[in-house]
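Please look through the sequence and the model shown below, and keep both at hand while reading this report on a pocket and on some ring contacts.

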Amino acid sequence: MEKPVVLLAEELSPATVEALGPDFEIRSTDGADRTQLLAALGDVDAVLVRSATQMDAEAIAAAPKLKVIARAGVGLDNVDIKAATHAGVMVVNAPTSNIISAAELTVGHILSLARNIPQASAALKAGEWKRSRYSGIELYEKKIGIIGLGRIGALVAARLQGFGTEILAYDPYVTSARAAQLNVRLVTLDELLTEADFVTIHMPKTPETVGMLGEEAFAKMKASAYVVNVARGGLIDEPALHAALERGEIAGAAVDVFVTEPSTDLPFFKLDNVVVTPHLGASTAEAQEKAGISVAKSVRLALAGELVPDAVNVAGGIIDPAVRPGIPLMEKLGRIFTALTHDSLTQIEVEVAGEIASLDVKALELAALKGVFTDVVSDQVSYVNAPVLAEQRGIATRLTTTPESEEYRNVLRIRGALSDGSQISVAGTLTGPKQIEKLVGVNGYDLEIPISEHLLVLLYTDRPGVIGALGRLLGEKDINIAGMQVARNKEGGQALSLLTLDSAVPQDVLDAVKAEIGATVAREVDLQS
């Protein structure tokens, strides 16, 4: 078998390649060169990028086999997530790889502002000894205002407390209990701006946060206060920052990220009370190695068809070990469900019953939808675009859970409503130490049979001789019956037979079986592909 192709569009650490392992064909290209990139994407299964490669709609369309885009870092400004989702391409990043590096750079910038370290170094190297000009301030007993108390903000708070500072924080999503745990005082944004001696921002870039530190914010700050941005370009209004510095509204600024990058000649670069760095937040050997290893592991999971905890366009998150074995079962149930449909679907309900119902089982809904659409659409179906496919077709979906399961520890069930008013359902479970996948219900009929690659589902009027006829018709075509169960609603009523077979059933044989026993439903489910 050919190995999946993984394209490294930018230089990544040797540890990244090592983490991918020997199961992939590794190729490299210059992702910043648009022509090279588009030519290289034709047959790749995964692409790993940093910040220079633009994986936009055009690039995604140029990669028909693409299953995953992995960004070895935190930001995803260079990936068109919407286009990737519609194409069924998973997008992953390394959200925690650079948090220590970014927090340490923030502290470094604050120290540089307090003690004029870069300016004094540049002056001395230029032959100037100016001790009095570069006199600074201590951090001890100063108030540090942190806007955004997420992972990086919390690390900054912990590190600066060692300097004997008081930490103020504004974050509408942080509870008072969490703030107390971090030894941080929660305040309003206005209180933070007016009280803090240093203001550092650690917010995501959204329409609401762009320009968050602008003319109005600078006007509220102390004239002796400093502002730091190591998070995202655009959180600080750059023209407003320059004006505030020129007017002396604030004492100085340290900036690592910019609206347009690279930026080398912004007006405030010329000011002596400004420290700037060229987006170095994640530029440590440790952060780069962590990011590469993290996304390499995610690529391995994605190409194995598994859900990935760090996927940004897939609901589900980290999967509990008790839930994980149900994912392949639920996919198979989805495909069996589809084989039983005879009209267009209007609604799909995924039900999880039993012990795992108390856990996060969102992944099982995704698996069910992936199975339902796998044999229906010509496009690649994944955990990413399966919900989109349902939405595009006007199919309402919902997930329900219940702790009640009478016969089994857990039962997974898919129910569907069809446009003709009828309903269909399939149910399955995992049994024994080996977690054997079994089908335990079809359209309300109770049964228990291991799921195999080839299943034959028959619905007919209960009467003697049907089983013999099935054995004869299939035997004449050398199709071996591995297992069989019959369920009926009453003697002489409707009966359902489920057969597991060693090989597929050709259509002419299926037609002959249907005619011989007078079946109203005769469907083969091929789970081999």
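## The second largest pocket

In this predicted model, the second largest pocket has a volume of about 320 Å³. Its lining is made up of 15 residues, and the ones closest to the centre of the pocket are K67, A302, G305, K370 and V381. When the lining residues are sorted by character, seven turn out to be nonpolar, four polar and four charged.

Where does the second largest pocket lie with respect to domain 1 and domain 3? Domain 1 covers residues 5–94 + 286–304 and domain 3 covers residues 315–442, and because both of them give residues to the lining, the pocket lies between them.

## A lysine over a ring, and its helix neighbourhood

K370, which is among the residues closest to the centre of the second largest pocket, also lies over the face of Y383, at 5.4 Å from the ring centre.

Another residue to find in the model is V372, which belongs to helix α14, a helix that takes in residues 362–374. V372 has a relative accessibility of 1%, and since buried means under 20%, V372 counts as buried. Along the chain V372 and M90 are 282 residues apart, while their C-alpha atoms are separated by 19 Å.

## A stacked pair between two strands

The structure holds three aromatic pairs. In one of them, the rings of F198 and Y226 have their centres 5.1 Å apart and their planes at 15°, and because planes under 30 degrees apart count as stacked, this pair is described as stacked.

F198 lies in strand β9 (residues 198–201), whereas Y226 lies in strand β10 (residues 226–229), so the pair ties together parts of the chain that are 28 residues apart in sequence. Both F198 and Y226 are buried.

## An edge-to-face pair and a cluster

F268 and F269 also form an aromatic pair, with 5.4 Å from centre to centre and 75° between the planes, and this arrangement is edge-to-face. Ring pairs link F258, F268 and F269 into a cluster.

Are F268 and F269 buried or partly exposed? F268 has a relative accessible area of 1% and is buried, whereas F269, at 22% relative accessibility, counts as partly exposed. The cut-off explains the two labels, because buried means under 20% relative accessible area, and partly exposed covers the range from there up to the exposed class, which is over 50%.

Definitions and conventions. Residues numbered from 1 in each chain as written. Predicted model: local features only at pLDDT ≥ 70, side-chain atom pairs only at ≥ 80, totals over all residues. Heavy atoms only, no water. Phe/Tyr/Trp six-rings, centres within 6.5 Å; stacked < 30°, edge-to-face > 60°. Helix = DSSP H or I, 4+ residues; strand = E, 2+ residues; numbered from the N terminus. Buried < 20%, exposed > 50% of the residue type's maximum accessible area, 1.4 Å probe, protein only. Lys NZ or Arg CZ within 6 Å of the ring centre and 35° of its normal. 1 Å grid on protein atoms, 1.4 Å probe; cavity = no way out; pocket = protein on both sides within 12 Å on 5 of 7 lines; lining within 4 Å. Points joined across faces, edges and corners; volume = space filled by probe spheres on them. Nonpolar A, V, L, I, M, F, W, Y, C, P; charged D, E, K, R; others polar. Domains from an automatic or database assignment.
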